[in-house]
Amino acid sequence: MIKVYGVPGWGSAISELMLTLADIPYQFINVDGFDSPGPQRELLEKRNPLCQVPTLELENGEIMTETAAIALMVLDRCPDLAPPVGRVERQQFQRLLVWLVANVYPTFTYADYPERWSPDAPEQLEQNCIAYRKSLYLWLDNHLKAGPWALGEQLTLIDCYLCVMRSWGPRAQWFAANTPKINAIADSVCQLPKLHKVLKDNEII
Ligand SMILES: N[C@@H](CCC(=O)N[C@@H](CS)C(=O)NCC(=O)O)C(=O)O
């Protein structure tokens, strides 16, 4: 069975939602505290030298990291979670998948640990990253389809990202006030009975 090394509510929640939607069984291994020296960090570092979550250990022992790569792996097993090949929505799915991890996710990498990257001005770096992240979400909200899901009529793995990311900074209240489409999509994901347990376990609902 796949092992998901993660922390409730963190980036591993995106993988957990995707695996659950695809009916792929997994075992969750909580590595809370991995971002400080200690046994949890040692456990994770052995599998992923970047020491990030999610880190997956697949059925064959291979290590898989990067939520976008994990999404592609899930799609190999459950193609219905992306628009079909040949549909215009598929290109937008591919674009948004890379866009989220290439643009939004790094704002967390830098703003969550600003002292690592800018020891002399950590607060400035953090504020700039958060302001940039807000501008990205505003752009995204303007470019999303009318709904009910990010790509229109079909629930896709992009919706897993939006649901989990809505629970992170700048937090649900900001999304409710500024990004109505992201907010509505995240609400719809939160109402999927299939995801109820995993969302609760990750303190997203
Ligand atoms: N590119 C990775 C980013 C993963 C990531 O940054 N995860 C965060 C937690 S949500 C993390 O592990 N941060 C710790 C660190 O970067 O040191 C992905 O898409 O999975």
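In this predicted model, the shell around the ligand comprises 7 nonpolar, 3 polar and 2 charged residues. The ligand takes up the space of the largest pocket.

The residues that form this shell are Trp10, Gly11, Phe34, Gln52, Val53, Pro54, Glu66, Thr67, Val101, Tyr105, Tyr113 and Arg116. Among the nonpolar members are Trp10, Phe34, Val53, Pro54, Val101, Tyr105 and Tyr113. Gly11, Gln52 and Thr67 count as polar, while Glu66 and Arg116 are the charged residues.

**Polar contacts of the ligand**

Gln52, Val53 and Arg116 each place an N or O atom within 3.5 Å of a ligand atom, as the table sets out.

| Residue | Protein atom | Ligand atom | Distance |
|---|---|---|---|
| Gln52 | side-chain N or O | oxygen | 3.1 Å |
| Val53 | backbone N or O | nitrogen | 2.8 Å |
| Arg116 | polar side-chain atom | oxygen | 3.1 Å |

Gln52 and Arg116 thus approach oxygen atoms of the ligand through their side chains, whereas Val53 approaches a ligand nitrogen through its backbone. On its own, the ligand has 500 Å² of accessible area, of which the protein covers 91%.

**Placement relative to the domains**

The chain is divided into domain 1, spanning residues 2–80, and domain 2, spanning residues 83–197. The contact between these domains takes 19 residues from domain 1 and 17 residues from domain 2. Their C-alpha centres are 19 Å apart. Both domains take part in the ligand shell, each supplying at least three residues. Of the residues with polar contacts to the ligand, Gln52 and Val53 fall within the bounds of domain 1, and Arg116 falls within those of domain 2.

How values were computed
Residues are numbered from 1 along each chain as its sequence is written. This is a predicted model: local features need pLDDT of at least 70, side-chain atom pairs count only at pLDDT 80 or more; totals for chains, interfaces and linings use all residues. Side-chain values use heavy atoms; hydrogens and water are left out. A residue is near a molecule or strand if one of its heavy atoms lies within 4 Å of it. A polar contact is a pair of N or O atoms within 3.5 Å; within protein, one must be able to donate a hydrogen and the other to accept it, and residues adjacent in sequence count only if both atoms are side-chain atoms. Accessible areas come from the Shrake-Rupley method with a 1.4 Å probe; for residues, only the protein chains shown count as cover. On a 1 Å grid over the protein atoms alone, a cavity is a set of points where a 1.4 Å probe fits but cannot get out, and a pocket is an open set with protein on both sides within 12 Å along at least five of seven lines; lining residues have an atom within 4 Å of a point. A molecule sits in a cavity or pocket if more than half of its atoms lie within 2 Å of its grid points. Domain bounds come from an automatic or database domain assignment. Contact means heavy atoms within 4.5 Å.
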